[in-house]
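Okay, thanks everyone, I'll keep this informal. Have the sequence and the structure open while I talk, and stop me whenever you like.

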Amino acid sequence: IDYGSYYLPQNGVYAVKVYLDEKEYLGMCNIGYNPTFHLIDKKSLEVHIFDFDENIYDKHVSVEFYKKTRNEKKFSNKDELMNQLSHDKTTILKYFNETR
């Protein structure tokens, strides 16, 4: 997501809600420099919307941050990262279920 001139929270993974076309979605957000695959020069903001499969490039979305679940981390390989992302999703869904 192009965050323009907005200030971002610390690097890490967050429980978020995403607002698109007047609908609310749960998701997780990573803020950082993608250390597992290659470091990038500019901090990135990546959001994974749970149970969502649409092309929304060039659409306006709002991201609301709720809770930091872990710090940014470099993983040894893709499988280790994928396992962690699965754990992150479970943790975030549990958080949202407990706060309803």
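So, what is the lining of the largest pocket made of, by class? It has 16 nonpolar, four polar and five charged residues. That lining is 25 residues in total, and the ones nearest the pocket centre are I1, L45, V47, V61 and V63. Two elements give two or more residues each to this lining, namely β3, residues 44-49, and β4, residues 62-70. The largest share comes from β3, with five residues. As for volume, the largest pocket comes out at about 780 Å³.

Before I go further, a word on what you're looking at: this is a predicted model. The average pLDDT over the protein is 92, and 100% of the residues score at least 70. Where is confidence lowest, and where is it highest, among the elements? The low end is β3, with a mean of 93, and the high end is strand β1, residues 12-20, at 97. And the usual reminder: coordinates shouldn't be read in detail where pLDDT is low.

Okay, second pocket. The second largest one has a volume of about 430 Å³. It is lined by 18 residues, and N30, N34, E46, L81 and L85 are the closest to its centre. Here the elements giving two or more residues are β2, which is 23-32, then β3, and then helix α1, which is 78-98. By class you get ten nonpolar, four polar and four charged residues in that lining. If you put the two lists side by side, β3 turns up in the lining of the largest pocket and again in that of the second largest.

N34 deserves another look, since we just met that residue close to the centre of the second largest pocket. N34 sits in the loop between β2 and β3. Its phi is near 50 degrees, so we have a positive value in a residue other than glycine. Which other residue has a positive phi although it is not a glycine? That's D51, at about 50 degrees. You'll find D51 in the loop between β3 and β4. Is D51 buried or exposed? The relative accessibility is 76%, and since the cut-off for exposed is over 50%, D51 counts as exposed.

Let me zoom out to the whole chain. There are four strands and one helix, and from the N terminus on the order is β-β-β-β-α. The radius of gyration is 14 Å, close to the 13 Å that the globule rule gives for 100 residues, so the protein is as compact as a globular protein of that length. Along the principal axes, the C-alpha trace spans about 40 × 35 × 25 Å. Buried residues make up 35% of the 100. On contacts, take the pairs at least 6 apart in sequence: 60% of those join residues at least 24 apart.

Now some individual residues, beginning with the helix. D88 is in α1. Why does D88 count as buried? Because its relative accessibility is 3%, and buried means under 20%. Setting aside residues up to four places away in sequence, D88 touches V13, M28 and R70.

Further along, Y95 is also found in helix α1. With the same neighbours set aside, Y95 touches A15, Y66 and K67. Y95 and K67 are 28 residues apart along the chain, and their C-alpha atoms are separated by 8.6 Å.

Last one: G27, in strand β2. How much relative accessible area does G27 have? The value is 0%, so G27 is buried. Leaving aside neighbours within four places in sequence, the contacts of G27 are Y14, A15, V16, H48, I49, F50, I92 and F96. A15 is a nice one to click on, as A15 is in contact with G27 and is also touched by Y95. For a pair that sits further off, try G27 and D58: they are 31 residues apart in sequence, and their C-alpha atoms are 19 Å apart in space.

That's what I had. Happy to go back to any of the views if you'd like another look.

Key
Residues are numbered from 1 along each chain as its sequence is written. This is a predicted model: local features need pLDDT of at least 70, side-chain atom pairs count only at pLDDT 80 or more; totals for chains, interfaces and linings use all residues. Side-chain values use heavy atoms; hydrogens and water are left out. On a 1 Å grid over the protein atoms alone, a cavity is a set of points where a 1.4 Å probe fits but cannot get out, and a pocket is an open set with protein on both sides within 12 Å along at least five of seven lines; lining residues have an atom within 4 Å of a point. Grid points are joined across faces, edges and corners, and a volume is the space filled by probe spheres set on the points. Ala, Val, Leu, Ile, Met, Phe, Trp, Tyr, Cys and Pro count as nonpolar, Asp, Glu, Lys and Arg as charged, and the others, Gly among them, as polar. pLDDT is the predictor's confidence in each residue, from 0 to 100. Buried means under 20% relative accessible area, exposed over 50%, partly exposed in between (1.4 Å probe, protein chains only). Contact means heavy atoms within 4.5 Å. The radius of gyration is taken over C-alpha atoms; the globule rule is 2.2 Å times the number of residues to the power 0.38.
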